[in-house]
Structure formats: structure tokens, C-alpha cells
Amino acid sequence: MDATDPPEVTGFFELHRPGDPFVLPNAWDVGSARALVAEGFPAVGTTSLGVAAARGLPDATRAAHDAVLAVTGELLAAGLGVPLTVDLEDGFSDDPGAVADLVVGLGVAGVNLEDATDGALIDPDRHAHRIAAVKQRAPGVFVNARTDVFWVGDHDPGEAIARLRRYVDAGADGVFVPGALDEATIESLTAAVGAPLNVLASPAIPRTRLAELGVARISTGSLLYRSALGQAVAAARAVRDGAPLPAAPSYAEVQRLATGSG
């Protein structure tokens, strides 16, 4: 990390403590990000599904490239005051140099890079080359290397471990394994990989238990965006059906979040 990096960037690495996981909420615009910062979360990530879906685009197909860059710029301009890590899908390119150029130009604390494109796993060496290129050009950016073995693959823990080890050897600072993981799988991953493990929030395994299993980071992924959609529909339904309205922030509160005032 460069000594000139702002504190919110240099402090992001230190948040990753195996056995004491921090919760990383995933935003899709300035308002949602500022609301999460106001709640006291120490960092904010983006959700590729939320960013894509809000613009009518499919996720994980590279279609949201421009949308991701636009949202990233807006979040940085908003001056959140906490580290920002961005979900870059697969880096939007097969060319390691192009992915490195993209990351260098973002100016964020961290990025997620996944090893699947358009719903299919890619060769792990190809993904490792992207990771290595990014770390060579942007050593101060926390690279969270994601494997989708439990997302679109065959759910083989051995394959997941082999892929993650390859990515750590290439320079990844942490690893991310989304999917419905059981406790035994999580424990095997933390023991075998040798890098901070990131998992998705799960109703089946609370944060206290994930801490005992050695997890370092818990992401909400698309959960917050999907919950917001559900609440919006529930509010509209309540108005239509004459039911009690769900709680919501006031107009003034949202204005303050949107403008960063007050």
C-alpha cells in the first residue's frame, strides 16, 4: 500500500481478521451506501446484481460494465469516508492487462474478481493470470478472489480449495466462496486455503458461529437489493389493499442521505 493512500483504503486490509468477521453490506447507489455508512458499517461493497438489475441489465455477463463504472464513480465522489470495494464480476475481460488497467483506474480499496463468465466456470489459470496482473499494477488494492464452484459448478470442496490456493499463490489477498455452504465445508476452506475467507450471510449460520469457523468477512451480496424490492412491493400492496404501511425512512432523511448533508 502506498503511503499516500487515504486512511479508508489503507485500513481495509486490517478489517479482515479470521475468527472476527466484519459484515460487508453491499450497496447499489449513493443513497443505499450512505444509509449503510450512517448505520456504522466499517466498509461498503457494491452488489453486481443490484447495480445491473436497477438498470435492466443481466448480472455476470459483462453487460453491466458501464453501469458498474458509473456507480463506482458516484460512490467515490460521494466521499463515503469508509473503504469501498467493488464487485467487478469477472473483470469484464479475458485480458489480464485490461483487467489490471481497469482496477488501477478505479481508485477503490478493494475489488471482487470471480472465476465464472456467463454462468460457466473458466480455467483457474486464466483467472490466476488476471489476479497476478492486478496485484502487480495495484498492490494496494485488496483483491478478493471468488470461486463459483458452489454457485455454478459441481459443489466439489476439493475443486474449490484447489482453485482458491491457485488464486492465493497468484497474489489474492482474500478469497470468496458464495453459495449455500455447510459448517464442515466452511471449516475445511478456512483450514486449507491460508487466506481470509469471505462467505455470504446465511440464515442457517449466525455470525458468532462463522467466527468460530474462522471466517474473516461476511457479505450481504444481493440480499439488501432484493429485500428493498420486496419492501417496495409490500408498501405498494399495502396502499392498494388498505393494510398498515411498513416503516420507511422519511423524505427528509432520504434527502439528507442523497446529498450527504446533516
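This passage describes how two pairs of helices pack against each other in a predicted model. Residues are numbered from 1 along each chain as its sequence is written, and side-chain values use heavy atoms, with hydrogens and water left out. Because the model is predicted, local features need pLDDT of at least 70 and side-chain atom pairs count only at pLDDT 80 or more, whereas totals for chains, interfaces and linings use all residues.

Helix 7 (residues 157-169) packs with helix 8 (residues 183-193) at an angle of about 30 degrees, and their axes lie 10 Å apart. Helix 7 is therefore roughly parallel to helix 8, a term for angles under 35 degrees. The crossing of this pair is right-handed. In the contact (heavy atoms within 4.5 Å), Pro 157, Ala 160, Ile 161, Leu 164, Arg 165 and Val 168 of helix 7 meet Thr 185, Ser 188, Leu 189, Ala 192 and Val 193 of helix 8. By class, eight of these residues are nonpolar, two are polar and one is charged.

Helix 5 (residues 96-106) and helix 6 (residues 124-137) pack at an angle of about 40 degrees, with 8 Å between their axes. Helix 5 is therefore oblique to helix 6, the term for angles that are not under 35 degrees, over 145 or from 65 to 115. Here too, helix 5 and helix 6 form a right-handed crossing. Pro 96, Val 99, Ala 100, Asp 101, Val 103 and Val 104 on helix 5 meet His 129, Arg 130, Ala 133, Val 134 and Arg 137 on helix 6, and this contact comprises seven nonpolar, one polar and three charged residues.

Methods: Axes fitted to C-alpha atoms, helices over the stretch in contact; angles between N-to-C directions. Helix = DSSP H or I, 4+ residues; strand = E, 2+ residues; numbered from the N terminus. Left-handed = near helix turned anticlockwise from the far one by under 90°. Nonpolar A, V, L, I, M, F, W, Y, C, P; charged D, E, K, R; others polar.
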